[in-house]
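Biologist: Before we discuss this model, could you put the sequence and the structure on the screen, so that I can ask about them one point at a time?

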Amino acid sequence: MKKDFYTAVADRRSFYDISKEKVTSDEVIKEVIEQAVKNTPSAFNSQSARVVLLLEKHHDKLWDITKEVLRKIVTVDQFADTEDKINSFGNGYGTVLFFEDANVIEALQSEFALYKDNFPVWSQQSSGMHQYVVWTALEMEGFGASLQHYNGLIEADVKKEWSIPESWKLIAQMPFGKPKSQPDEKQFKPLEERIVVFK
Ligand SMILES: Cc1cc2nc3c(=O)[nH]c(=O)nc-3n(C[C@H](O)[C@H](O)[C@H](O)COP(=O)(O)O)c2cc1C
């Protein structure tokens, strides 16, 4: 039986210790992405989100690209830690890349000038919702994922490697795999300080 929604929300964590071991079929992973991209909301129903799923050698290539970019900018003595971190993402089963299509945002800005400044903000918010739906759905399927932002550093290489349209802006990378260990216990601020109810 699949987890219920609230259990999946509570169990979704940042998993950094992941492996390539198979958890479910690639078809199921594709379905997770399809459900998220189809049903997650966007401002004015703009549907500006774009998603790329990298599996097998493509997933490995993404983290090789990231490592090589970082090798050029991180000092030699710090690179061992950086390499370990990037390898931990590469150790996973796959990576989901989240983009937003700038052409869609710009078209809305011209059409609805009154909201010009809001569209880029709403685009980021909607992308975050897409990321959260995929993150939580991957949790439901038995994967552990984390959220990474090497955006500016790798965007040009990523576009070249996978022939991504120039207008797609890279927002986030989500490596996922079979959890090898549980994350540390999470600390929570008291909800009374964060939620107010008037009735
Ligand atoms: C908008 C956003 C950006 C984040 N960026 C990163 C990131 O760049 N690298 C990373 O390792 N984790 C990133 N995280 C993960 C958070 O650090 C993590 O969700 C938070 O500490 C709570 O832990 P949990 O995910 O285990 O519940 C990000 C999370 C959010 C919501």
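Biologist: Is strand S2 (residues 49–55) largely enclosed or not, and how many of its seven residues are buried?

Modeller: This is a predicted model, and in it a residue counts as buried when its relative accessible area is under 20%. By that criterion strand S2 is largely enclosed by the rest of the structure, because the number of its seven residues that are buried is five.

Biologist: Which strand pairs with S2, and in what sense?

Modeller: One facing pair of residues lends itself as a starting point, since Val-52 stands opposite Leu-97 in S3. The pairing runs over seven bridges in the antiparallel sense, and the partner of S2 is strand S3 (residues 94–101).

Biologist: How many helices and strands does the protein chain hold, and in what order do they run?

Modeller: The protein chain has seven helices and five strands. Read from the N terminus on, the order of these elements is α-β-α-β-α-α-β-α-α-β-α-β.

Biologist: Why is the protein chain said to be as compact as a globular protein of its length?

Modeller: For 199 residues the globule rule gives 16 Å, and the value for the protein chain is close to this, so the chain is as compact as a globular protein of that length. The C-alpha trace spans about 50 × 45 × 35 Å along its principal axes, and the radius of gyration is 18 Å.

Biologist: What share of the contacts with a separation of 6 or more comes from residues 24 or more positions apart?

Modeller: A contact here requires heavy atoms within 4.5 Å. Among contacts in the protein chain with a separation of 6 or more, residues 24 or more positions apart account for 84%.

Methods:
Residues numbered from 1 in each chain as written. Predicted model: local features only at pLDDT ≥ 70, side-chain atom pairs only at ≥ 80, totals over all residues. Heavy atoms only, no water. Helix = DSSP H or I, 4+ residues; strand = E, 2+ residues; numbered from the N terminus. Rg over C-alpha atoms; globule rule 2.2 N^0.38 Å. Buried < 20%, exposed > 50% of the residue type's maximum accessible area, 1.4 Å probe, protein only. Pairing = 2+ DSSP bridges.
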